[in-house]
Amino acid sequence: MRVIDRICDVLAVIAGLYLVWIMLAIVVSALARTLYLSGTWSSHLFTFSEFGLLYIVMAASPWLVRLRGHVFIELLTAFLPKRIQSGFSRFVAALCVLICAILTYFSLVATIRAYEFGDALMRSLDMPKWLILGAMPIGFGLMGLQFCRFVFGPETLHTGQAGVHE
Amino acid sequence: QAEDRISAVHAFPEFLVYTKTFLAMVEDINARGEGIVQIEVRGGPEAIGMFEQPAAVRDGVIDMVHTPGSFYGANVPEIDAMVAARVTPMEARANGGAAVMDEAHRERFNVTHLGWIDGGIKFHIFMNKAPVFDENGVLDLTGVKLRDNPIYNAFFTALNASTSSMPATEVYSALEKGVVDSAAWTQIGIPQLKWNEFLTHRVDPFFYNTDLGVIMNLDAWNALSQESRDLITTVVQEWEEKSYNDRQADVVTDNQILAEGGMEFVSHPTEEAGAAYQKLADDAAWARMKERIGGTDAGMARYNKLRELYAGDSGS
Amino acid sequence: MEWFEALFFLLGMILFFMALGVPVALAFLAANVIGAAYFMGGRGDIVSQMTRGIGALVNNAIPTITSFNLMPVPMFLLMGEIFFFTGLANRMFGAVDRLMGKLPARLSFVTVAGGTAFATLSGSSMGSTALLGSLMVPEMQKRGYKKHMAIGPILGTGGLAMLIPPSALAVLLATLAELDIGALLIAGILPGLILAIMYAVLILLMALYDPSAAPAYELDPISAGEKLRLFFIDILPMVSIVIGVILLIMFGIATPSESAAFGCLGVIVLAALYRSLTWDGLVKSVTGALKVTTMALLIIFGSATFSALLAFSGASSGLIRWATGFELDPITMLLIMFGILLILGMFMDQLSMMLLTVPIFFPLAQTLGFDLIWFAVIVLLALEISFTTPPFGLLLFVMKGVSPPDTKMRDIYISAMPFIGCSMLLVVMLIFLPGIATWLPSLGQ
Ligand code: NA
Ligand code: NA
């Protein structure tokens, strides 16, 4: 688990750096356009800023699972009797593991299919689609592993306090 | 025998003339196909994203789509032959070009290319100031902020333009605010988009062709009865010709509207320069196709064949 | 499946998973996985249906997420976080506080101003309520303020935050509803200012009616020169960045994404000029922005196929045909939609509410002939009002959680009421004077 946590941390750091890079890239390409200096290179900056959003969400989501940073609503868990609360929370976490597992498998299938057919996203350049889709099985896979901690680990996902948690 | 059912989507919203052609064609097929085959249209880009539709047809999410071929050009590079064509859809069908195109689709994308609809529509660059020509008399877009689109990117780069990408829906406000000052569009449709409120000059001659087609999942196609397949083939080919003629009439109407609205049609200074401009565009498309094919022998054989059948030259 | 079966099937699954306590993003994903396999699965067995359906889902997510339109969201968030973690925000509030001098109920005003700035940039009414509640309520109690003078303004700030740009939620709404992002950001300014004025008048009236609710206390007097210094050094530069961002958008000099990125850079440069830019502050800012961005984008990822499924299954068009079949007048329809949002706000966060209702409400609003920018402003207000409406508005519970132990739910309800009244009054004004929302965007054109 410790190795997985470190991987998730590293991915989150990369996501944070990408976020800063996007800010700079947008500023540079806007300046380039204003000064009539833009061209293919600034179109590429634009394209990779767009792709960045997907990479960021896939890279940082597993880390955010561990921090309980994905917003969830506690309604049912708050009204359940105390003694079954934690069991129920573990069941919900297991459901999340299942959802992530399904997404991991089928997004991997979609990635392989896109690779085999040579699918591309036609923006300023033909970006092989599998390079984008490929982030999904990794992201969902790691998310699923992180949800496992709330199934088997000492802590539970839910707190028993009604409300929206973010 | 049971009636065949086909699900379909279209790339563009319903108000666009191209979508109307497709829906009218579907209505025609359904009327003549009672008891044989019925096409059920599930919607446009709101139902499946417009760039995701071709792969959705290939994968069997949906059976049929009406879409520009360029949307899946990375999968079927041969589609650029339609973009750079110098023949009409009817000529391409008669000389066997359409069959080669269909073969490429079947081999590479698990779909069949049924027909080239609304063909014969060309593109122009529209600007908000008088165009400038270089020493050879060819358009020079240095210092021009042009709305980009992957389809014409290579050509625009060759003309020295400063490009920015945006969806067609954002072009109006981008023109209004000066984020871009030029855009390319088809011969028809500018008045409907109201871009002529800002764009005052049209650069002649035209270049490229629209490459709208109807493709269908190959497994779904093979599962149809022979009668259904024959009917669809017949009707689509009728519409290739009918829509071509209808659109040529629209070109005349729109030209008139633009001229009456004060749009200036600026030709290249000499005929040779105009031809060089068109060749620059065509070469960019053929070069892209060659690059995407990646130089295999079979691929190059088909490239040469398409170049001969669609553009009347050997290319090599 | 009939359109209404499809509608209940899809909405029901999402609500079911959410109610279980599954994170919202995964609730959307789970429901859409099932919906996509059912509606977009094509022919064949369950595995090939899931392959196609989930394949369509993940492919649909690409254009939805990798869209330049979403770029202002992380940029605005980053801008706000840097603003806070470099201490620029504290500096500005301190200056505002000192400049107000002996104004009655001064701390209530500071709360509104500070809270609006915080909520606006953090993009989260809940986070800002929690922070201000734990910060300001004890402070104000110590100064002898009654509870409602502290709690009410805090609850009110979320509405202002959503309307006055920069507003990450307004960007998300515009993106989801395919509206002009710049236009919606600009459209919120005037209603936001009107709401701020109403709050100010309300606080003054409350203070005048019951002076003991906000007792005055001694302050060191400050000289005119000091006042000018505070204004020009501690307030004007910060405010200029926000106004600069608005002007860039309004006059189309830059796209909303570019303006937001420039705003971000502006705050960094400003922090450097004040010598308050630290490595630690930057790391915390990026981390904070990354958390909210990722949370929001994963929810949008999950919902990428939701509106497509509604369209594909015929649910959207069916609902619109049905709803317009009653031939109710547009204002009644508006109030029904408003009511639905109020109910959803009892148990759902704002982004989820938007994702569920936008694909249904906006086509309907278009059919009804509404100006969509105007309608979006009303939706933003409804989202915020629903959050503070007794008995179940979510912010009320957040407030309860962070305020002093002797605070009763009833205190919070009573404190919230006048501020909800102001927002409601604004909605009525918008209905009768749509120009409040539509006039400013039309100037930029
Ligand atoms: Na705001
Ligand atoms: Na509120």
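Me: Which residues touch the most other members of the largest nonpolar core?

Reply: Happy to start there, keeping in mind that this is a predicted model. The largest nonpolar core holds 286 residues. Helix α19 (residues 372–388) of chain C gives the largest share of this core, 14 residues. The members that touch the most others are B:Ile125, B:Phe207, B:Tyr310 and C:Phe362.

Me: What does C:Phe362 touch, not counting residues up to four places away in sequence?

Reply: Contact here means heavy atoms within 4.5 Å. With sequence neighbours up to four places away left out, C:Phe362 touches C:Leu173, C:Ala177, C:Leu179, C:Thr357, C:Leu372, C:Phe375, C:Ala376 and C:Val379.

Me: Why is the pair of A:Tyr18 and A:Trp21 called edge-to-face?

Reply: Both residues lie in helix α1 (residues 2–34) of chain A, 3 residues apart, about one turn of the helix. Their ring centres are 5.7 Å apart. Planes over 60 degrees apart count as edge-to-face, and these two meet that rule because their planes stand at 80°.

Me: Is A:Trp21 buried, partly exposed or exposed?

Reply: Its partner A:Tyr18 is buried, at 19% relative accessible area. Buried means under 20% and exposed means over 50%. A:Trp21 has a relative accessibility of 36%, so A:Trp21 is partly exposed.

Me: Which ring does the charged end of B:Arg58 sit over?

Reply: There is a charge over a ring for B:Arg42 too, with its charged end 4.6 Å from the ring centre of C:Phe312. For B:Arg58, the distance to the ring centre is 4.1 Å, and the ring belongs to A:Phe117.

Technical notes:
Residues are numbered from 1 along each chain as its sequence is written. Chains are lettered from A and ligands numbered from 1 in the order in which they are written. This is a predicted model: local features need pLDDT of at least 70, side-chain atom pairs count only at pLDDT 80 or more; totals for chains, interfaces and linings use all residues. Side-chain values use heavy atoms; hydrogens and water are left out. Rings of Phe, Tyr and Trp (its six-membered ring) pair if their centres lie within 6.5 Å; planes under 30 degrees apart count as stacked, over 60 as edge-to-face and the rest as tilted. Helices (H or I, at least four residues) and strands (E, at least two) are DSSP runs, numbered from the N terminus. Buried means under 20% relative accessible area, exposed over 50%, partly exposed in between (1.4 Å probe, protein chains only). A charge sits over a ring if NZ of Lys or CZ of Arg is within 6 Å of the ring centre and within 35 degrees of the ring normal. A nonpolar core is a set of buried Ala, Val, Leu, Ile, Met, Phe, Trp, Tyr and Cys residues joined through side-chain atoms within 4.5 Å.
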